[in-house]
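Biologist: Please bring up the sequence and the model. I will ask short questions and want short answers.

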Amino acid sequence: MSRSYDRALTVFSPDGHLFQVDYALEAVRKGTCAVGVRGKDCVILAVEKRSVLQLQDPRTVRKTAMLDDHVCLGFAGLTADARILIDRARIECQSHRLTVEDPVSVEYITRHIAGIQQKYTQSGGVRPFGISCLIIGFDHDDPAPHLYLTEPSGIYSEWKANAIGRSSKTVREFLEKNWEKDLSQSDSIKLAVKSLLEVVQTGAKNIDLAVMTGFGEVRNLTLDEITAVVTEIEKEKEAEAERKKSRTAATQASRDAMLTGTSTATAEEEAGAGEA
């Protein structure tokens with residue numbers, strides 16, 4: 001069925017699909033994982049980094065980018081497409097400052113990015129952007145953190161926590177189980193790293209993490225800081241495994257004691273019956 005309708009972007013299939021948009025979503029699902037977590041007074045953006053080649057400069061391989069002093073973007077999908085979208089978003093941020101004399105709000109720049117993505121689903125001779133974006137930031141007149149998601153179709157929405165890229169469904173389910181309201185900064189960082197570790201098997205060296213705590217207050221954690229968080233998470237997992245092992249051993253011991261007591265009582269009853 002798709003062979004007849006996926007050759008042109010502007011042609012709908014009979015069941016209402018634009019197959020090129022679906023294929024763009026598939027490109028996102030094959031990209032590296034990115035996680036956003038919103039805390040009480042902070043917002044975290046953690047991304048999985050690909051292992052760089054021995055002679056490659058790691059500074060040139062980035063999955064996050066600052067759009068303005070108070071807005072940060074992480075993406076999953078085609079890096080070349082992301083570069084074009086990031087450049088356009090940065091130009092819009094500067095144009096807004098010159099025109100309105102105020103920095104953009106996080107929702108405004110998210111809507112602008114989603115508008116560009118939507119435009120490329122409705123025009124002939126082009127293809128959709130093969131990326132999804134997680135956008136974090138603070139507004140200049142609002143102390144609350146914001147986390148937005150955009151998709152290749154042009155949809156955008158605000159989230160408390162979300163994941164994009166490979167195995168995003170597994171990570172999202174983990175976040176749904178473990179996210180809590182009014183998380184502190186340390187707990188938010190730990191949750192973001194712990195959720196990425198569901199996908200990343202190589203540990204801290206393949207994780208990049210940005211922490212935003214206020215308007216224009218953003219920093220990237222160093223490898224040592226991320227390693228410390230990963231080590232703490234591993235210790236907690238080991239302690240939890242020990243507790244489970246102890247509970248299992250205690251349950252088994254009580255069960256054995258009950259069986260032994262029952263066997264002893266049965267033997268005594270049989271002995272009494274034999275004497276009678």
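Biologist: Which elements cover the buried residues of helix 4?
Modeller: In this predicted model, the buried residues of helix 4 are Ser168, Val171, Phe174 and Leu175. Buried means under 20% relative accessible area, exposed over 50%, partly exposed in between (1.4 Å probe, protein chains only). Helices (H or I, at least four residues) and strands (E, at least two) are DSSP runs, numbered from the N terminus. Contact means heavy atoms within 4.5 Å, and what covers these residues includes strand 1, strand 8 and helix 5.

Biologist: What are the ground rules for a predicted model, and what is left out of side-chain values?
Modeller: Local features need pLDDT of at least 70, side-chain atom pairs count only at pLDDT 80 or more, and totals for chains, interfaces and linings use all residues. Residues are numbered from 1 along each chain as its sequence is written, and side-chain values use heavy atoms, leaving out hydrogens and water.

Biologist: Which exposed residues sit on the face of helix 4 turned away from its buried side?
Modeller: Start with the buried set: Ser168, Val171, Phe174 and Leu175. Down the axis of helix 4 these fall within an arc of 125 degrees, so they line one face; the arc is that of the directions from the helix axis to the C-beta atoms. The face turned away carries Lys169, Glu176 and Lys177.

Biologist: Which helix gives the most to the largest nonpolar core?
Modeller: A nonpolar core is a set of buried Ala, Val, Leu, Ile, Met, Phe, Trp, Tyr and Cys residues joined through side-chain atoms within 4.5 Å. The largest has 29 residues, and those touching the most other members are Val35, Val37, Ile44, Leu175, Ile189, Val193 and Leu209. At least two residues each come from strand 1 (34-38), strand 2 (43-48), strand 8 (161-164), helix 4 (168-178), helix 5 (185-196), strand 9 (207-214) and helix 6 (223-275). The top contributor, with five residues, is helix 5.

Biologist: How many residues are in the second, separate core?
Modeller: First, one member of the largest core: beyond its neighbours within four places in sequence, Val35 has contacts that include Ile44, Leu134, Val171, Leu175 and Ala192. The second core is separate and includes Leu67, Val106, Ile113 and Ile116, in a total of 20 residues.

Biologist: Which bridge partner does Ile44 have in strand 9?
Modeller: Strands pair if DSSP finds at least two bridges between them. Strand 2 and strand 9 are antiparallel and share six bridges. Strand 9 is mostly covered, with seven of its eight residues buried. Opposite Ile44 stands Val211.

Biologist: Which residue takes a positive phi in the hairpin of strand 9 and strand 10?
Modeller: Strand 10 (residues 217-220) runs antiparallel to strand 9, joined by four bridges. Gly214 stands opposite Glu217. Two residues lie between the strands, and the one with phi near 75 degrees is Gly216.

Biologist: By how many degrees are neighbouring strands of the five-strand open sheet turned on average?
Modeller: The sheet has the order 3-4-5-6-7, with antiparallel pairing. Strand 3 (64-68) and strand 7 (156-158) are its edges, each pairing on one side only. Axes are lines fitted to C-alpha atoms, for helices over the stretch in contact, and angles run from 0 to 180 degrees between N-to-C directions. With direction ignored, the average turn is 25 degrees.

Biologist: How many residues apart are Arg166 and Glu48?
Modeller: Their side chains form a salt bridge at 2.6 Å, N to O; the rule is a side-chain nitrogen of Lys or Arg within 4 Å of a carboxyl oxygen of Asp or Glu. Arg166 is in the loop between strand 8 and helix 4, Glu48 in strand 2, a gap of 118 residues.

Biologist: Why does the pair of Glu236 and Lys190 tie together parts that are apart in sequence?
Modeller: The two side chains meet in a salt bridge of 3.0 Å, N to O. Because Glu236 lies in helix 6 and Lys190 in helix 5, the pair joins parts 46 residues apart. Glu236 is partly exposed at 32% relative accessible area, whereas Lys190 is buried at 17%. The tie runs between helix 6 and helix 5.
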